[in-house]
Amino acid sequence: MNDSVTGRNKIILVQPSMGVAGEFVRHPPLSLLYVASGLVREGFDVRIIDLRASDGGAAEVVKALGDDVLWVGLTVMGGAPVSSALEVSRAVKAAGMYPVVWGGSLATIAPDTVLGNSAVDYAISGSGVSSAVRLSRALVANDTPTSDELDHVPGLYSRHEGRIVGRKPFRGFEPVPFREIPYHLIPDYGVYAHFGTARRVFPIYSAFGCPYRCAFCISPAMYKEYKPKWLPLPATEVVDHIEYLRDRFDAGLIYFYDDDSFVNPEHIRGVLDELKRRRIKIPMSFRGARVNEILRMDDEFLSALAESGTEILHVGLESGSPRILALYEKGVTVEDTIEANRRLAKNGKLIAAYNWIVGTPGETCEEMAATRRLLLRILDENPRAFVFQPNKFHPIPGTVMADVAARHGYRPPATLEAWSCEEQEGDKREPWYTPRIQRDIEMMQVTSYFIDHKAELLTTENSLYYIIVRLIIALYRPFARFRFKRGFAGLLFEYPLFRRVVMRHRKG
Ligand code: SF4
């Protein structure tokens with residue numbers, strides 16, 4: 001029990017609902033578990049409420065409030081989660097004098113805008129593990145701490161006498177030993193799975209950070225002053241963690257959240273060797289694998305990955321246009337991507353999942369067509385490849401590409417309501433879109449769900465529902481591919497249907 005003079009010892013951490021993306025992939029809220037680890041160690045009573053996993057909405061959070069609550073925290077990224085988080089924050093403020101704290105990627109990149117909304121009292125920019133502990137101590141000592149009393153809280157933004165005061169974020173990574181992650185705070189891990197599968201998914205880190213400098217990505221700005229910029233964990237610790245999750249929580253899929261797992265191939269080689277030594281084979285997926293890193297992997301390494309249980313490598317393809325790739329400072333060529341995909345295809349077991357971006361300032365229809373051609377070639381040359389829906393380019397404040405976008409007339413969202421529209425499924429029109437580019441993007445947003453065999457590759461459930469879903473996808477696929485290949489965006493009757501599905505999953 002924390003030694004609170006006020007008797008307020010409880011902290012409620014909330015994962016907002018995610019919109020349509022949350023329907024396909026739902027992982028345990030690892031960032032909240034990380035923040036909770038320090039608070040639990042400090043003796044606070046922490047409750048985690050995940051609104052993706054319940055229908056309770058803001059009312060569920062309000063129901064959990066009481067005299068013992070010290071603050072309510074939310075982890076928020078741009079897009080639909082902002083609407084949900086705002087709804088919760090307003091409901092909490094209406095219910096009493098509870099401090100509301102936002103952390104996560106939005107508070108990291110736009111803390112002033114977050115605090116521009118009166119429903120939020122504090123924003124934590126950057127890593128929040130130690131900041132949450134220090135803020136809690138300050139709130140225990142004083143309901144309304146002065147600016148001086150908060151100056152030791154890294155990355156904290158707060159309002160004082162009508163102005164916003166910001167403090168430098170925590171510099172460096174805050175890895176949490178896995179035995180200190182308070183997994184017991186999640187009541188039911190059965191709700192965390194990928195669409196069409198029943199396996200329990202557990203995200204973990206094997207490494208933190210990234211040394212690359214992609215111009216659209218927040219990582220170079222975030223890690224600018226970090227030394228080192230990439231921090232791998234010891235292989236034995238990673239495998240201990242995997243074993244723990246398998247034995248204690250029946251983990252069915254380990255999902256590495258690393259920005260980049262393969263900066264030094266020896267790191268994952270060590271993990272694979274340790275898994276083999278302990279005779280552990282468990283499904284795994286890696287979120288961060290770069291094309292240049294795949295080109296460094298030989299057949300034997302790729303086989304070892306597959307034999308250890310690895311299913312999916314997420315690869316940043318980004319664009320089929322050499323000019324756009326150079327603008328992104330991606331450091332790989334179109335030919336590199338084709339070659340990396342061939343190597344993955346040759347392996348025959350690993351699934352390659354490609355991320356890509358459209359709607360970059362100055363990008364032409366022909367450059368977007370080059371990306372479509374590359375994606376179709378990738379799919380044709382690798383039956384075990386699929387593509388995600390396009391990332392609509394949204395400039396992230398602090399990145400090189402944000403400056404490029406500013407020169408094309410972009411102004412960052414000035415309110416949280418505007419930030420709720422910054423999402424890949426959204427229909428926001430950037431100043432540089434021509435009507436043709438807008439139509440092409442809408443066409444790609446819809447058809448990219450259908451042009452490949454992701455449904456067959458990723459779903460294992462065989463209930464009538466999933467059989468019908470797979471059948472509908474298979475029936476629409478030829479038309480989707482026709483549109484995608486030809487750039488045919490005319491009579492796009494599918495788009496209003498798509499918007500209805502997206503809006504149905506937005507809350508708040
Ligand atoms: S490799 Fe990935 S995480 Fe690293 S800078 Fe590029 S996009 Fe960001």
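Let me begin with the ligand, around which this predicted model places Cys210, Tyr212, Cys214, Phe216, Cys217, Ser219, Asp259 and Arg290. If we sort the residues of that shell by character, they divide into five nonpolar, one polar and two charged.

From there I would like to move to the surface, where Phe479, Phe482, Phe488, Phe493 and Leu497 make a nonpolar patch of about 480 Å². One of these residues, Leu497, is found in helix α22, which covers residues 494-504, and with a relative accessible area of 52% Leu497 counts as exposed, because the cut-off for that word is over 50%.

Next come some details of the backbone, all of them in loops that you can find on the structure above. In the loop between α9 (219-222) and β10 (230-232) lies Pro228, and the peptide bond that leads from Lys227 to Pro228 is cis, with omega near 0 degrees.

Arg279, which has its place in the loop between α11 (265-277) and β12 (284-289), has a positive phi of about 55 degrees although it is not a glycine. Is Arg279 buried or exposed? Its relative accessibility is 77%, and so Arg279 counts as exposed.

Glu329, for its part, lies in the loop between α14 (322-327) and α15 (334-347), and its phi is near 55 degrees, again a positive value in a residue other than glycine. The relative accessible area of Glu329 is 43%, and therefore Glu329 is described as partly exposed, since that term covers the range between the buried limit of under 20% and the exposed limit of over 50%.

Definitions and conventions
Residues numbered from 1 in each chain as written. Predicted model: local features only at pLDDT ≥ 70, side-chain atom pairs only at ≥ 80, totals over all residues. Heavy atoms only, no water. Near = heavy atom within 4 Å. Nonpolar A, V, L, I, M, F, W, Y, C, P; charged D, E, K, R; others polar. Patch = residues over 30% accessible without salt bridge, like charges linked within 9 Å, V, L, I, M, F, W, Y side chains within 5 Å. Areas by Shrake-Rupley, 256 points an atom, 1.4 Å probe, with all protein chains shown as cover. Salt bridge = Lys/Arg side-chain N within 4 Å of Asp/Glu carboxyl O. Helix = DSSP H or I, 4+ residues; strand = E, 2+ residues; numbered from the N terminus. Buried < 20%, exposed > 50% of the residue type's maximum accessible area, 1.4 Å probe, protein only.
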